[in-house]
Amino acid sequence: MSATTVERAAMLTGRGLVKRYGHVTAINGADFDLYPGEVLAIVGDNGAGKSSLIKALTGALQPDAGTIELDGRPVHFHSPLDARRSGIETVYQTLAVAPALDITTNLFLGREIRRDGLLGKLRILDRKAMRTEARNQLDALGIATIQDITQPVESLSGGQRQAVAVARAAMFGSKVVIMDEPTAALGVRETAHVLELIKRISNRGLPVVLISHDMPAVFEVSDRIHVHRLGRRTGVVDPKKVSMSDVVSFITGAEEIPDEAIAW
Amino acid sequence: MSMSTTKSGTTATVDTGRRSDSVRALFARNPVLGPTAALLVAIVFFSFATSTFANVDNFSFIVQQSIVVGTLALGQTLVILTSGIDLANASIAVFGTLLMTRLATGHLPGPVAMIVAIVACAAVATLSGLLVSRIKLPPFIVTLGMLAVMTAVTNLYSKGTTWPVPDGLLTWLGTSLYLFGRVQFTMGMVLAAVLFAVTWFVLAKTGWGRHVYAVGNEPEAARLTGIHIDRTLVSVYLVAGVIYGFAAWMALGRTPTADPNAYQTGNLDSITAVVIGGTSLFGGRGGVLGTIVGALIVAVLRSGLTQMGIDSNYQNLATGVLVIGAVAFDQATRRRSA
């Protein structure tokens, strides 16, 4: 498992991660590697422990054993906020947006820009700076369908809401962006938009972790596919060397991953 | 509009569909618009229906009458924005009037008595906030209990009687100034206006204000973005408590006697003003501008209907219909945009 054929500095690694809840082992000695600028898909059956692995990597749960390194340095996250401060942004399935509030407010929620000087000490917001920054970010990501950034998020379509959540992650994530089932609730065209966003983010050099059941989406955007089964990584495959049905067999354990498909 | 209308309908039906949608969106994005229109309609109606309504003195009187409940409603607005409710606000303020008066009747100078009472009001409301945020009790239950507790404490402390206010400062808010030698303003009106302005500014222009809305609208999203929900909630109840303390001071300016039985329906009246003003009971939507309008609508209705010689029972009936109508309107405007 530890044989690394290509010498690359990983952005985020996990080694021998374990998490038990009583008799249930959610993570059973799992490894994880994410390299700069790549899109890594994590696939696995329901209950395989994908979510637990992600939670361990983002501080939402504390592993019982194992080590995590971010950018070459060992880290211990005590909360998702910890991980966020270190540059790991997560786009949750629930999107974590406040529907009644406008797009700009949502993008900067909890991280508002204050005015300079005395006004800033009085905690007065620099709304103009936030609006400009929000506009720039949406433009940079090519989210052209959102015209008015002062409109409430609830007036947006599902795909646009997803785009807002993704834009927020891209704006503040300096090391890693993690997305949990970003296309689960979307139609065909909106899925295509979100996948396009994922590619743009990784092209900027920011690696993306994509947790998804959507095989066509996984094959379209990912550079490598991390197969998770029974609480651990059974292998990482190159999507160019396997088919979708192969990956489904790896997920269920019907087939072993052949050596030539492995992409460490 | 539904797909079937668009598919089968003529151009005309599609157009009306779009128009009603955009009107709905306009009201959904500007929740003060509906209540303001209603207020203007009421003012115009009563101006024509009675000969006494449309004059400066009457308008001044209407505002004077609404400042105590209006200020209670200001604190209530903050609590409701967090998807809470405060049934104890008026009982806290009434306790404040007694505390101010009795402390000043004793040995304390007026300003000290006033400050002590405002701090006490803030402390009681903060206790509600702590019970809501730390022990996760529903705000309705916490403040219902607090209402009973404060009513009892006030009755015990007052020994069941009213207390005349000894100090000039405590009734100072009742003093009037005349603009253009004609328009009467009380200091209480000025203070209420200042409190509304400051609260509006803080809600609209500071991070704390954004967090209050976020916590009320989607607590899980607020938590995931790193907002301290507990702290935000406690601070909201604390600020509301300070506002209730000021309402107590205003009440003594209106009537220079601390009465343990005053403002018994102040809690529900304040909720009425907030709801008619377009703030959603589900939290996260609305604001203090709507509450001003809501408080004025109630006062205008009362004044106008009284001057038309209509029984006060019908006034209550009208207010009740208005509350239900306002909530129905709130839900109708949200259903499409959500």
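Colleague: How much area is buried between chain B and chain A, and what share comes from carbon and sulfur atoms?

Modeller: Between chain B and chain A, about 1,900 Å² is buried, with carbon and sulfur atoms giving 60% of that area. Keep in mind that this is a predicted model.

Colleague: Which three residues supply the most of the area that chain B buries against chain A?

Modeller: Arg210(B), Leu224(B) and Thr225(B). They supply 30% of what chain B buries against chain A, more than any other three residues.

Colleague: Next, contacts. How many residues are in contact on each side?

Modeller: Contact means heavy atoms within 4.5 Å. Here, 21 residues of chain B touch 28 residues of chain A.

Colleague: How do I read salt bridges? How many are there between chain B and chain A?

Modeller: Look for a side-chain nitrogen of Lys or Arg within 4 Å of a carboxyl oxygen of Asp or Glu. The count between chain B and chain A is 1. Find Arg285(B) and Glu154(A): their side chains meet in a salt bridge at 2.9 Å, N to O.

Colleague: And how many residue pairs are in polar contact across the interface of chain B and chain A?

Modeller: The rule finds 7 such pairs, counting those with both residues at pLDDT 80 or more.

Colleague: Which helices of chain B supply at least two residues each to the side that touches chain A?

Modeller: Three to find: helix 8 (187–205), helix 9 (207–217) and helix 10 (219–224) of chain B. Helix 9 of chain B gives the most, with 6 residues.

Colleague: What classes of residue make up the side of chain B that touches chain A?

Modeller: That side has 8 nonpolar, 8 polar and 5 charged residues.

Colleague: Now look inside chain A. Which domains does the assignment give?

Modeller: Domain 1 of chain A is written in pieces, 1–87 + 176–189 + 204–264, and domain 2 of chain A is 97–172. Their centres, taken over C-alpha atoms, are 29 Å apart. The contact takes 7 residues from domain 1 and 10 residues from domain 2 of chain A.

Colleague: How much area do domain 1 and domain 2 of chain A bury between them?

Modeller: About 680 Å², 53% of it on carbon and sulfur atoms. In domain 1 of chain A, Arg84(A), Leu186(A) and Arg204(A) lose the most area to domain 2, together 60% of what that side buries.

Colleague: How many salt bridges and polar contacts link the two domains of chain A?

Modeller: The rule finds 0 salt bridges across the interface of domain 1 and domain 2 of chain A. The count of residue pairs in polar contact, both at pLDDT 80 or more, is 0 there too. On the side of domain 1 that touches domain 2 of chain A, the residues divide into 5 nonpolar, no polar and 2 charged.

Methods: Residues numbered from 1 in each chain as written. Chains lettered and ligands numbered in written order. Predicted model: local features only at pLDDT ≥ 70, side-chain atom pairs only at ≥ 80, totals over all residues. Heavy atoms only, no water. Buried area = accessible area lost by both parts, 1.4 Å probe. Polar contact = N/O pair within 3.5 Å; in protein donor to acceptor, adjacent residues only side chain to side chain. Helix = DSSP H or I, 4+ residues; strand = E, 2+ residues; numbered from the N terminus. Nonpolar A, V, L, I, M, F, W, Y, C, P; charged D, E, K, R; others polar. Domains from an automatic or database assignment.
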